[in-house]
Amino acid sequence: MNPLDRPARLGFELTEDQELTLRTARQFARERLLPGAAERDRTGEFPLAFIPELAALGLLAMKVPVADGGSGLDNVGYLLAMAAIAGGCASTAVILASSNLATWILGQHGSPAQKDRWLRPYADGQLGPASFALSEPHCGSDAAALRTTAVLDRDDYVLDGSKMWITSGAHAGLHIVFARTGPDVGARGISCFLVERGTPGLAVGRDEDKMGQRASGTVALHFDGCRVPVSQRIGREGAGYKIALSALGGGRVGIAGLCLGLAEEAFAEGAAYARERRAFSERVLDFQNTRFVLADTRTELDAAWLLALRAARLLDRDGHAPAETSMAKLFASEVCGRTVDRMLQLHGGYGYSREYRIERLYRDARVARIYEGSSEIQRLVIGREIAGTLDDEGP
């Protein structure tokens, strides 16, 4: 059975649209992304040539309503698509995660004119990927501490500051950028802007030489007197922090999907190697230790699937599920880390060689516990939600 058929095995029956999304994304990942993934990892080449194909499949703006040019997928469909794409290339999956995060914001909070000018052409593949520019060199998880400023000057805002760890930043046709528009400290006074590629005053830094997901194109963005028309502010002035928070639940579900897809590939690699490799005249698969490792890993993976599917369904039903989406991202990313480690161990010394795919999967998995909210941040969110519930219950 294909590992991405787990939802049905776990009792989650998929709709026709979800099933089609899963099959389409999986086929594209297998036929188009996987064959060149190792070479892109070696060279760090950004998979720009695939963007039009991803657009044609409806994967660039998955959760944007059909009326605005998107695919109109729910969060369950998005989770499944991310898992399937990550199975072929984790770098491409995180490009989609960033792009879908940015364009969900534009679809939810953008004006009709902004959607006509940018969202529909983007969804058609005309603008390349999109970027989500929130993190800064001095603050990653503490978004409320950002220092990039946007000062109103007649009909323009003038942006100054820097953003860090921006996926697709060198290739994105549009950037969703958060900057401080008022003197207030903390979350107040932050606004959201759409900045086009090539805008004067916007400079793109060098590609980071990363451990894993090396083809995803991670750069810094620098704003030096970058003038952005008032018409490119998304939402009202001062609403930027709330806009960013509104996207986090779906972003965490997407990264949980990426982790599940990557972990399933690692599990398949480890199981296949254990079946073929012999030691002490026996298959590695026949050792009790190997079966215990596989049993523990499969159990944890299924639990991660259940948490992720629950989070996606709750998000679709209620519009928000902070604790559940954080649990899904936390557990999926940490299970992914344990899975690749165990499967590399089953490979023995060969697992440390670039000749074997598990070595790349091991490197690709590590960052998942850091981006889209580190494991520590997810625990803070979950703990806050628990404490709030206990306080509501009273003495």
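# Exercises: salt bridges, cores and a hairpin

Arginine 291 and aspartate 286 form a salt bridge, with the closest N and O atoms 3.1 Å apart. The model is predicted: local features need pLDDT of at least 70, side-chain atom pairs count only at pLDDT 80 or more, and totals for chains, interfaces and linings use all residues. Residues are numbered from 1 along each chain as its sequence is written, and side-chain values use heavy atoms, with hydrogens and water left out.

## Exercise 1

Task: Classify the burial of arginine 291 and aspartate 286.

Solution.
- Step 1. Set the criterion. A salt bridge is a side-chain nitrogen of Lys or Arg within 4 Å of a carboxyl oxygen of Asp or Glu.
- Step 2. Set the classes. Buried means under 20% relative accessible area, exposed over 50%, and partly exposed in between (1.4 Å probe, protein chains only).
- Step 3. Arginine 291 has a relative accessible area of 46%, so the residue is partly exposed.
- Step 4. Aspartate 286 has 31%, so this residue is partly exposed too.

## Exercise 2

Task: Find what aspartate 41 and arginine 363 link, and state their burial.

Solution.
- Step 1. Search the whole structure. It yields 28 salt bridges.
- Step 2. Pick the pair. Aspartate 41 bridges to arginine 363, with the closest N and O atoms 2.7 Å apart.
- Step 3. Locate the ends. Aspartate 41 sits in helix α2 and arginine 363 in helix α10, so the pair ties together parts 322 residues apart in sequence. Helices (H or I, at least four residues) and strands (E, at least two) are DSSP runs, numbered from the N terminus.
- Step 4. Check burial. Aspartate 41 is buried at 7% relative accessibility. Arginine 363 is buried at 10%.

## Exercise 3

Task: Describe the surroundings of helix α10.

Solution.
- Step 1. Helix α10 spans residues 357-366, and 8 of its 10 residues are buried.
- Step 2. Among the buried ones are Ile358, Leu361, Arg363 and Ala365.
- Step 3. These buried residues pack against α2 (16-43), α4 (75-88), α5 (90-109), α7 and α9 (322-347).

## Exercise 4

Task: Trace the salt bridge of glutamate 196.

Solution.
- Step 1. The partner is arginine 117, at 3.4 Å, N to O.
- Step 2. Glutamate 196 lies in strand β5 (residues 190-196) and arginine 117 in helix α6 (residues 112-123), so the pair joins parts 79 residues apart in sequence.
- Step 3. Glutamate 196 is partly exposed at 25%. Arginine 117 is partly exposed at 46%.

## Exercise 5

Task: Characterise the largest nonpolar core.

Solution.
- Step 1. Define it. A nonpolar core is a set of buried Ala, Val, Leu, Ile, Met, Phe, Trp, Tyr and Cys residues joined through side-chain atoms within 4.5 Å.
- Step 2. The largest has 97 residues; Ile85, Ile105, Tyr122, Ile176, Phe178 and Leu258 have the most contacts inside it.
- Step 3. Helix α7 (residues 240-276) gives the largest share of this core, 14 residues.
- Step 4. Inspect isoleucine 85. Neighbours within four places in sequence aside, its contacts (heavy atoms within 4.5 Å) include Phe28, Leu33, Leu59 and Leu96.

## Exercise 6

Task: Describe how strands β2 and β3 pair.

Solution.
- Step 1. Strand β2 (residues 149-153) and strand β3 (residues 156-167) run antiparallel over 5 bridges. Pairing requires that DSSP finds at least two bridges between two strands.
- Step 2. Alanine 150 has leucine 159 in β3 as its bridge partner.
- Step 3. The two strands, β2 and β3, form a hairpin with 2 residues between them. Arginine 154 in the turn has a positive phi of about 60°.
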